[in-house]
Amino acid sequence: MNPTMIFRIAEGVEWLLLPVILYFALRVLAAPRFSRWLTASGYAVLAGWLLLLALMPVADGWRICGIAAGVLVLLGLYRMPGRLRLIGVALVMAVLALSFALAALVLGLLLKDGFDDVHAPGLGRLLVVLCGLLIFILPVRLGTAYYRRREDPIAADECRMFAPLFACQLLSIIIAAYIYRLSSGMLGIFTYLGLIALLCIVYLNVVFYWYFDRIRYTVEYKSRCEAAEYKLSLERKYHALLAQHQADTDALWHDMKKHLRLMKALIAEGESDRSAAYAHDLEARMDGVVKIIRTGEPVLDALLTEEMRRARAANVPFEINARLEGPLAIAAIDLCTILDNLFDNALAASENLADGTAPEIRLSIGQQGGALYIEMTNPYTPKAPLQAPAPRHGLGLKNIRDTVRANGGTFTITDDGQTYHASVILP
């Protein structure tokens, strides 16, 4: 077979890495428009088209247009507006161009003697295509990770996976450059052995890419399970509080007629003071019934009801003003981290006030335009020592900042020397 045709076939095989990269990205960014088999057929058609483009003796400009047309058809298999498909094609081609430019720069640094003409079929062109596609993986992975984190707070933090993935890509490029250096100066079978080695690197990276995607999926699945279990525990606690509230209310109503009959008898006998004292004791007993907070969001209801119970146990007035326009996008664990740490700090400050300062905690929660606003206000005494410092005192604010930052929000703290204001805004 003609050596030129062999190199063209090898280049086409390398370009098959592009549909693999696009598949792992698009399954995160958009939903398929058709069935799984039809979508898979679309990827197979794109793979065949890229192989055909590599075999055709056309200028690189026409080959680039062909790649763009293939990507545009592939994006048509997903649910996205036409303008977004055009923007996607433009982004893919721009990132590809930058990746190939960076590949040429890196190879120029690694191969001091230079390499073959990349416009003609040969090992040099294969090397640049391979390295360009390997570099192309990183920005695609960064973009999908940013999108996932913005759209789904429970999504795994893929930034931790970039370091080992980048190390694999860099090592692959160095090995490919070394193989090229060994093979380019030899003839015959050694050149073809170098070609086969470059193709092996391509498919080793396919395995690496799949492996890191499985790690991401496993970490995300574990996070979702933990979030679901935590949400279930909150709802169980909330249902237990509901049951307790119902039992206390039933007990009060069961004896209410007796209480009213006794109060009427006391008033009839002229014992107004005793009747008033009895009414006061009855009111205090009614206030002792667990107050159930209802906002329409089960997780938030459970958190606020538990905080109200703790505030009453500490004899600290707790005023809650919550108005929600729709469901909350934040994960249950993140919401608990923010609210519980804010409340813990406010309760600790209220229990360490100077003499004469009335304790009070005020919480405001609202939504506007999809954004969630949380504000906690409480009085405090500057530099007041804690009665019993917790072993991990000080980590609460750090956890709040980290959680808010991970959700793309802002966390601010202000005080006027007497009152402490903490506010959180989440998009």
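## Cavities, a sheet and one serine

User: How many cavities of 30 Å³ or more does the count come to?
Analyst: This is a predicted model, with residues numbered from 1 along each chain; local features need pLDDT of at least 70, side-chain atom pairs count only at pLDDT 80 or more, and totals for chains, interfaces and linings use all residues. Side-chain values use heavy atoms, leaving out hydrogens and water. A cavity is a set of points, on a 1 Å grid over the protein atoms alone, where a 1.4 Å probe fits but cannot get out. Counting those of 30 Å³ or more gives two.

User: How much space lies in the largest cavity?
Analyst: Grid points are joined across faces, edges and corners, and the volume is the space filled by probe spheres set on the points. For the largest cavity, that is about 50 Å³.

User: Which element gives the largest share of the lining of the largest cavity?
Analyst: Lining residues have an atom within 4 Å of a point. The largest cavity has 11 of them, and Phe24, Val28, Arg141, Thr144 and Asp213 lie nearest its centre. Two or more residues each come from α2 (17–29), α6 (123–151) and α8 (189–268). The largest share, four residues, comes from α6.

User: Which strands stand at the edges of the open sheet?
Analyst: Strands are DSSP runs of E, at least two residues; helices are runs of H or I, at least four, and both are numbered from the N terminus. Two strands pair if DSSP finds at least two bridges between them. The five strands run β1-β2-β3-β5-β4, with mixed pairing. Two strands have a single partner each, so one side of each lacks a neighbour in the sheet: β1 (318–323) and β4 (410–415).

User: At what angle does helix α11 run to β3?
Analyst: Axes are lines fitted to C-alpha atoms, for helices over the stretch in contact (heavy atoms within 4.5 Å). Angles run from 0 to 180 degrees between N-to-C directions. Helix α11 (residues 332–350) lies across β1, β2, β3, β4 and β5 (419–426). Its angle to β3 is about 15°.

User: Is Ser99 buried or exposed?
Analyst: Ser99 sits in helix α5 (residues 82–110). Leaving out residues up to four places away in sequence, Ser99 touches Gly132, Ile135 and Phe136. Buried means under 20% relative accessible area, exposed over 50%, partly exposed in between (1.4 Å probe, protein chains only). At 3% relative accessibility, Ser99 is therefore buried.

Note on methods. 1 Å grid on protein atoms, 1.4 Å probe; cavity = no way out; pocket = protein on both sides within 12 Å on 5 of 7 lines; lining within 4 Å.
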